[in-house]
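Reader: Could you take me through one part of this model up close, residue by residue? I'd like a helix pair and its lead-in loop, and after that whatever else helps me find my way around.

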Amino acid sequence: LHAWLAGSLDLAERELRELVRIRPDDVDAWYLLAETLYHGNPLRGRSVLESKEAWERILAGDPDHLGALDHLGYLEWREGNEEKADSVITRYLELDSTSDWAVYKEVFLAVARRDSAAESAVYPKVARGSDVGAFLSAFVAGQGGERATALRFAEPLTDPVREPAVRRMGQLFQATIEISRGRPRAALVALEPVGGQDHDMYLEHKTLFALAPLLDPSEATLRALRSEVEAWDPASAEDVGASNPFWTPHREHHSMLRRYLLGLITARIGDLPEAERMASELAGESGPPGASSAPTAFAATIRAQSAWKGGDAAVALATLEAAPLNVAVDLTWNSAFFAHGYERFLRAELLHAAGRHDEALAWLSTFSELFGEFSDLIFRGAAYLRMAQIQEELGQVDEARGHYRAFVDLWRECEPEL
């Protein structure tokens with residue numbers, strides 16, 4: 001349990017597999033193993049489908065286990081078993097028809113089926129519901145729905161009746177939906193209201209969006225962005241708390257993220273000695289509970305980006321491989337930084353450059369989970385395109401065609417210059 005809470009994913013998996021071997025009927029142990037595999041596998045370049053057996057073992061011991069029904073419904077859908085997915089989700093709703101999670105399951109079904117009538121029917125429940133229910137519904141619709149549907153289901157989070165921190169999360173969701181569809185200018189417009197309330201949150205995500213794959217910012221753009229980040233002083237910002245810390249995941253970590261982003265920009269520009277200095281300073285910091293290795297991982301990313309910029313992809317890859325992404329599973333839900341999307345995509349690119357195509361595809365596929373971490377949307381379009389290109393190189397024509405189609409479908413409303 002300590003390893004699980006600390007985000008030591010490999011250790012947690014080993015210990016939990018040993019525990020279920022000794023106690024095969026221990027539902028709680030199977031549950032922790034299932035959560036570790038489902039939420040932790042993308043951080044290790046592995047599929048969430050590996051968790052399916054654990055969820056099934058939970059249901060064997062407790063057929064009414066809501067957590068297992070919740071996750072298994074998605075996994076069945078993910079594998080194309082739509083009838084079985086419907087059956088699992090229907091069973092869930094028979095057991096729980098009123099909670100926040102029940103509303104989210106209704107949204108799941110409506111969005112996955114592309115059922116506009118069902119989407120309209122469930123929307124008022126979302127709009128009237130709790131903050132958590134609105135978050136979960138926006139989470140699902142943003143990933144599986146059409147752009148208009150995704151933006152619509154994010155609106156309840158921005159309702160003026162909700163507290164400011166929740167509204168900012170809704171605005172971030174809307175911006176993330178736009179960037180995921182190849183609309184960086186629209187993303188900045190959606191993000192702009194955040195800047196008037198929480199400059200830290202605004203600049204962190206503005207910078208991450210600018211560094212997203214396929215955007216290819218010019219050196220002038222990167223230098224202007226670096227000046228903006230250099231002028232940012234998180235310590236002087238007004239504290240913007242929330243009734244629940246879930247809505248402010250970076251509240252005590254803005255200085256760490258500033259240094260990380262500044263190092264990435266500097267490496268991308270090609271000022272490699274300065275990037276190394278920033279990485280060294282960052283590596284000496286302490287990470288948050290559940291992600292104590294985050295500064296080390298962020299420093300490794302800066303160094304890997306520098307090595308790649310300097311033409312040494314092998315060193316870049318070795319640097320990332322030496323810095324595992326250990327994060328407690330509950331920290332990846334609402335943080336683009338603790339979900340380590342930039343690191344994962346960079347690693348996939350480097351694996352491809354090294355000719356390790358199967359591993360590159362495995363890492364890229366972690367962004368294509370229909371209901372993975374919300375921030376993975378930032379990288380999803382690029383992941384589809386890279387998978388298609390790699391598969392085309394390997395002669396996997398049908399698979400490549402499917403991923404090209406997925407990319408075009410996601411980016412069909414992209415801004416003209418892209």
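Author: Here is a walk that begins at the helix pair and its loop and then moves on to other places in the chain. Keep in mind that this is a predicted model.

Let's begin just ahead of the pair. Asp26 sits in the loop that runs from helix H2 (9–22) to H3. Asp26 counts as buried because its relative accessibility is 13%, and the cut-off for buried is under 20%. Its side chain has two partners worth clicking on. One is the side chain of Arg23, joined to that of Asp26 by a polar contact of 2.8 Å. The other is the backbone nitrogen of Ala29, which lies 3.0 Å from a polar atom of the Asp26 side chain.

Now the pair itself. Helix H3 covers residues 27–40 and helix H5 covers residues 66–78; the two pack at an angle of about 35 degrees, their axes 11 Å apart. The crossing of H3 past H5 is left-handed. On the H3 side, the residues that meet H5 are Tyr31, Glu35, Tyr38 and His39, and across from them H5 offers Gly67, His71, Tyr74 and Leu75. Sort the residues of this contact by character and you get 4 nonpolar, 3 polar and 1 charged.

From H5, try a long jump. Asp70 and Leu317 are 247 residues apart in sequence, and their C-alpha atoms are 36 Å apart in space. Leu317 belongs to helix H18 and is buried, because its relative accessibility is 5%. Beyond its sequence neighbours up to four places away, Leu317 touches Arg347, Leu350, Leu351, Ala354 and Arg356.

The loop between helix H18 (313–321) and helix H19 (341–353) holds His340. His340 isn't a glycine, yet its phi is positive, about 55 degrees. Most residues other than glycine have a negative phi. Asp216 does something similar: not a glycine, and a positive phi of about 50 degrees. You'll find Asp216 in the loop between helix H13 (199–210) and helix H14 (219–231). Where the two part ways is accessibility: His340 is buried, with a relative accessible area of 1%, whereas Asp216 counts as exposed at 67%.

Step into H14 and you meet Thr221, which is partly exposed, with a relative accessible area of 41%. The C-alpha atom of Thr221 is 9.8 Å from that of Ile269, although 48 residues separate them along the chain.

Another threonine to look at is Thr149, in helix H10 (residues 147–154). Thr149 is buried, with a relative accessible area of 14%. Its side chain makes a polar contact of 3.5 Å with the side chain of Glu119. Setting aside neighbours within four places in sequence, Thr149 is in contact with Val111, Glu119 and Ala141.

Last stop, the core. Nonpolar side chains tend to be buried together in soluble globular proteins. Here the largest nonpolar core has 131 residues, and Phe173 and Tyr260 have the most contacts inside it. For a view from Phe173, show the residues it touches other than those up to four places away in sequence: Phe135, Ala138, Phe139, Ala154, Leu157 and Phe374.

Methods
Residues are numbered from 1 along each chain as its sequence is written. This is a predicted model: local features need pLDDT of at least 70, side-chain atom pairs count only at pLDDT 80 or more; totals for chains, interfaces and linings use all residues. Side-chain values use heavy atoms; hydrogens and water are left out. A nonpolar core is a set of buried Ala, Val, Leu, Ile, Met, Phe, Trp, Tyr and Cys residues joined through side-chain atoms within 4.5 Å. Buried means under 20% relative accessible area, exposed over 50%, partly exposed in between (1.4 Å probe, protein chains only). Contact means heavy atoms within 4.5 Å. Axes are lines fitted to C-alpha atoms, for helices over the stretch in contact, and angles run from 0 to 180 degrees between N-to-C directions. Helices (H or I, at least four residues) and strands (E, at least two) are DSSP runs, numbered from the N terminus. A crossing is left-handed if the near helix is turned anticlockwise from the far one by less than a right angle, and right-handed if clockwise. Ala, Val, Leu, Ile, Met, Phe, Trp, Tyr, Cys and Pro count as nonpolar, Asp, Glu, Lys and Arg as charged, and the others, Gly among them, as polar. A polar contact is a pair of N or O atoms within 3.5 Å; within protein, one must be able to donate a hydrogen and the other to accept it, and residues adjacent in sequence count only if both atoms are side-chain atoms.
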